[in-house]
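Me: I have some questions about the structure shown below. Please reason briefly and end each reply on the value or name I ask for.

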Amino acid sequence: MVQLNIPVGISDFAEIRRSGYYYVDKSAVISELLKNSAAKVTLITRPRRFGKTLGISMLASFFDIRKDSRELFEGLEIAGNVFLCRT
């Protein structure tokens with residue numbers, strides 16, 4: 001049986017991806033957020049313990065132009081979006 005490394009208490013996207021923790025791919029939300037160009041502000045509301053901090057950490061990793069974070073997104077759904085992921 002495969003042992004899953006569950007990232008209990010870890011909400012840093014880069015740490016989860018680099019350390020091989022179990023991760024449910026929610027990277028498609030990036031392209032969904034960018035589709036709605038009319039919105040000035042996007043409000044992300046979720047109940048406690050539903051991954052808001054991890055989601056924001058993922059967005060920060062994707063949009064931070066000071067870092068090359070391509071390896072973090074390899075194998076995730078957003079990596080298939082050539083338009084958003086071109087260098």
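**Charged side chains and aromatic rings**

Reply: To begin with one side chain of this predicted model: arginine 66 counts as exposed, at 74% relative accessibility.

Me: Is aspartate 64, the salt-bridge partner of arginine 66, buried or exposed?

Reply: Arginine 66 and aspartate 64 form a salt bridge, with the closest N and O atoms 2.9 Å apart. The cut-off for a buried residue is under 20% relative accessible area. Aspartate 64 has a relative accessible area of 14%, so aspartate 64 is buried.

Me: Which residues are joined with Asp64 into one salt-bridge network?

Reply: Aspartate 64 meets arginine 66 in one salt bridge. The side chain of lysine 67 also meets aspartate 64, at 3.8 Å from N to O. Salt bridges with shared partners put Asp64 into one network with Arg66 and Lys67.

Me: Why does lysine 35 count as exposed and glutamate 32 as partly exposed?

Reply: These two residues form a salt bridge, the closest N and O atoms being 3.1 Å apart, and both lie in helix H2, three residues apart. Exposed means over 50% relative accessible area, and partly exposed runs from there down to 20%. Glutamate 32 is at 46%, so glutamate 32 counts as partly exposed. Lysine 35 counts as exposed because its relative accessible area is 61%.

Me: How many salt bridges are there in the whole structure?

Reply: The bridge between lysine 35 and glutamate 32 is one of them, and that between lysine 67 and aspartate 64 is another. A search of the whole structure gives the number of salt bridges as five.

Me: What kind of aromatic pair do phenylalanine 13 and tyrosine 23 form?

Reply: A ring pair is described by the distance of the centres and the angle of the planes. There are four aromatic pairs by the 6.5 Å rule for ring centres. In the pair of phenylalanine 13 and tyrosine 23, the centres are 5.5 Å apart and the planes are at 70 degrees; over 60 degrees, a pair is edge-to-face.

Me: Where in the chain does tyrosine 23 lie?

Reply: Phenylalanine 13 belongs to helix H1 (residues 13-18), and its ring partner is 10 residues away. Both residues are buried. Tyrosine 23 lies in the loop between H1 and helix H2 (28-35).

Me: How many strands are there in the protein?

Reply: Along the sequence, the protein follows the pattern α-α-α-α-α. It has five helices, and the number of strands is zero.

Methods: Residues numbered from 1 in each chain as written. Predicted model: local features only at pLDDT ≥ 70, side-chain atom pairs only at ≥ 80, totals over all residues. Heavy atoms only, no water. Phe/Tyr/Trp six-rings, centres within 6.5 Å; stacked < 30°, edge-to-face > 60°. Helix = DSSP H or I, 4+ residues; strand = E, 2+ residues; numbered from the N terminus. Buried < 20%, exposed > 50% of the residue type's maximum accessible area, 1.4 Å probe, protein only. Salt bridge = Lys/Arg side-chain N within 4 Å of Asp/Glu carboxyl O.
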